[in-house]
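Subject: Structure for your review

Hi,

Here is the structure I said I would pass on. Please open it beside this message.

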Number of protein chains: 2
Amino acid sequence: MAQRPTIHAVAARVGVSTATVSKVVNGIETGVSAVTRAKVEAAVQELGYRPNRMGRNLRTQRYSTVGLVILDPSPRFLADPFTTNLVAGLANYLNSRGFGLLLDGILPGKVESSFLIRGSAVDGLCLSLSGTRRQRIAVMRRIARLGQPIVVFQDLATPSLQDACFIRQDDRGGATILARALLKRKPRRAVVVVSTVPWPAVEQRVAGIRSVLEADGVHVDLVECDETSNEMIADAINRYLDREQPPDLILGQNDQIAIAALHVLRRHGLQVPQDVGVTGFNAFPFMDFADPPLMTIRSAAYEMGERGAQTMLGRLENGHFSDREVVLPVQFVAGASA
Amino acid sequence: MAQRPTIHAVAARVGVSTATVSKVVNGIETGVSAVTRAKVEAAVQELGYRPNRMGRNLRTQRYSTVGLVILDPSPRFLADPFTTNLVAGLANYLNSRGFGLLLDGILPGKVESSFLIRGSAVDGLCLSLSGTRRQRIAVMRRIARLGQPIVVFQDLATPSLQDACFIRQDDRGGATILARALLKRKPRRAVVVVSTVPWPAVEQRVAGIRSVLEADGVHVDLVECDETSNEMIADAINRYLDREQPPDLILGQNDQIAIAALHVLRRHGLQVPQDVGVTGFNAFPFMDFADPPLMTIRSAAYEMGERGAQTMLGRLENGHFSDREVVLPVQFVAGASA
DNA sequence: CTGAAAGCGCTAACAA
DNA sequence: TTGTTAGCGCTTTCAG
């Protein structure tokens, strides 16, 4: 395996100094004659020279790389479409600006062994954290000690964190809209189905639902389910229906859960929306085919990723975050399931 | 913002040389007394020292980072669950071994501007390429010129590529199993619905289906659809049904398409599986709830990601790939849609 | 317009 | 057991 050519190889080839090659490679207009430039460019082509990022980074003290830390107990941490879209938005924006995205999925309790935390290799860190508020704050503090700028996705602002920006969508507002729409049905009892893995955005959704429904005298039950498989989601809902009267409403924390509910209800001989109203959350494309179409909230995950990248790059350029907190709007999708 | 401490800061603090600190930090057992070690560790804690990866990488000529290049015309290149699971498997395996995964989503025609290609920053590259075979090979050759080890996912082996390993699943075999199962229905006409974006694995699936069905005298039509939204998928199938007699079979290149077909067929008043048999491909969890449950093939995307990571790390350790090609098995899921 | 030289943070021979 | 030293590949002043 041939050694990759360095800037010296190019310089030697042309018979100029490495400084000159560096200028050409970095597109510095001033101080290089057109002839020299052309000769250098030819040599770069010929040798297949690519600047070594490490050398450059070490010198410039910039890595042109952003890390994304996802804290999730599931090894398939990318399975959730919200995360997927977030990552896509982040990666695309960063890539288009010449930055890389370094992925780091870590398990709760394994924070210290994360390679992004143990060694510094990025200009800034983005965080997507599950867990209780207490756990999340512990992780945020740990990461804040690294002294790198931080963008936190989908969590409430933690004022004590320095050099951080919190980007989330209006989950509570979305849930409120959903719940208000449901009040027309004059419900008496509602079930909110959530995953056993706590996510801050879900807390907000549940709080929004509760605030509206309970203020109207609706009794709200909470059902937890293991979200790793649809069967387990369905089982949890099944168990509830086996031991309780059918509720008037089932609200899933996301569309996957809502669709599971549709199926379970059908198996119980219950009609949607006539007997039971069902709502989801997120409205990613492949959920379009729920039958009936879900009443849900369209989340802006991809846009959130882009916004996070933009915010981080702005921070790296200006030395400070322009905002401490960004809240993106969500959008109601009426569907026909409630 | 305080400058992050370097190895010199730690050395100065303890009153030893940087070489000693380096040994302690890298867990080199030999040649450091227990007392010195303890003192260094204390100082590391106290100062919050993290070794700078760039310095280390530059010195060791290793980056402990693997790049993943995804070539896809859609900016939401991570939307497909196959890719998502692949990335999760890859990232988890790499992270658990102290490696990072650097994501690079590139658009066709923008290969040269990819930051992974322009500057070297990884030990090896993984590729997931869409496009025609000709286009894919052009990209592979371009990337091979970088002189880095390559793991190609879901494509047929290209013998001319040096220092590369091809990892895919038995898409053709899976499609063959599916098609054989369908022969019992004595079909006369089948429609295969594929995305307009060409993917090598899909070519294999179509070839497998064709080989079995056409050998049995079944006429096979191909319908292409834009996969960006479910509506567009449904439209394409709709148009077909409007102009042709209903086929006996509809075979989707994946489950999303098959589910779209289920809905369109229902709207046309056709029963599945009685009037038309439908099959999908991939069998990711959130597709469980198709009605009726899909006959499909379970893909091993997550495992493929893990395997790719393992293969790449083996290559980096041994200097050569142990295999040139790896084919993972797939699994038939009977369902009830055909 | 061009080149010499210093040094980013780190590791690994080798010397003490 | 510890320290000295020589770079890894690159950018950037500064002098020519």
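Below are my notes on the symmetry, the chain contact, the DNA surfaces and a few packing details.

First, the ground rules. This is a predicted model, in which local features need pLDDT of at least 70, side-chain atom pairs count only at pLDDT 80 or more, and totals for chains, interfaces and linings use all residues. Residues are numbered from 1 along each chain as its sequence is written, while chains are lettered from A and ligands numbered from 1 in the order in which they are written.

Symmetry. Chain B superposes on chain A by a rotation of 180° with 0.0 Å of shift along the axis, at RMSD 0.2 Å (least squares on C-alpha atoms of residues with pLDDT of at least 70 in both copies). The two copies are thus related as by a two-fold rotation axis. In chain B, B:Leu102 has the C-alpha nearest that axis, at 2.2 Å.

Chain contact. Chain B gives 52 residues and chain A gives 52 residues (contact means C-beta atoms, placed from the backbone, within 7 Å). On the chain B side, α4, α5 (81–96), β2 (100–106), α6 (115–118) and α11 (255–267) each supply at least two residues. Helices here are DSSP runs of H or I with at least four residues, strands are E runs of at least two, and both are numbered from the N terminus. The largest share, seven residues, comes from α5(B). By class, that side has 25 nonpolar, 18 polar and nine charged residues. Nonpolar covers Ala, Val, Leu, Ile, Met, Phe, Trp, Tyr, Cys and Pro; charged covers Asp, Glu, Lys and Arg; the others, Gly among them, are polar. 100% of the interface residues of chain B are also interface residues in chain A, so the copies meet through the same surface. Strands also cross the interface: β2(A) and β2(B) run antiparallel, joined by three bridges (pairing needs at least two DSSP bridges). A:Leu103 has B:Leu101 as its bridge partner.

DNA. Strand D is surrounded by 27 residues, with A:Ile7, A:Ala19, A:Asn52, A:Gly55 and B:Gly31 the closest (near means a C-beta atom, placed from the backbone, within 6 Å). The surface near strand D has nine nonpolar, 14 polar and four charged residues. Strand C also has 27 residues around it, and A:Val16, A:Gly31, B:Ile7, B:Asn52 and B:Gly55 come nearest. α2 and α4 of both chain A and chain B give two or more residues each to the surface near strand C. α4(B) gives the most there, with five residues.

Helix packing. The axes of α2(A) and α3(A) come within 10 Å and cross at roughly 85°. Axes are lines fitted to C-alpha atoms, for helices over the stretch in contact, with angles from 0 to 180 degrees between N-to-C directions. The two helices, α2(A) and α3(A), are therefore roughly perpendicular (65 to 115 degrees). Among the contact residues are A:Val21 of α2(A) and A:Val40 of α3(A).

Sheet. Chain A has an open sheet of four strands in the order β7-β6-β8-β9, with parallel pairing. β7(A) and β9(A) stand at the edges with a single partner strand each, so one side of each is left without a neighbour in the sheet. The twist averages 20° from one strand to the next. Seven bridges join β6(A) to β7(A). A:Val191 has A:Asp221 as its bridge partner. Helix α10(A) packs on the sheet, touching β6 and β7, and its direction makes about 145° with that of β7(A).

Best wishes

Definitions and conventions. Contact = placed C-beta atoms within 7 Å. Parallel < 35°, antiparallel > 145°, perpendicular 65-115°, else oblique.
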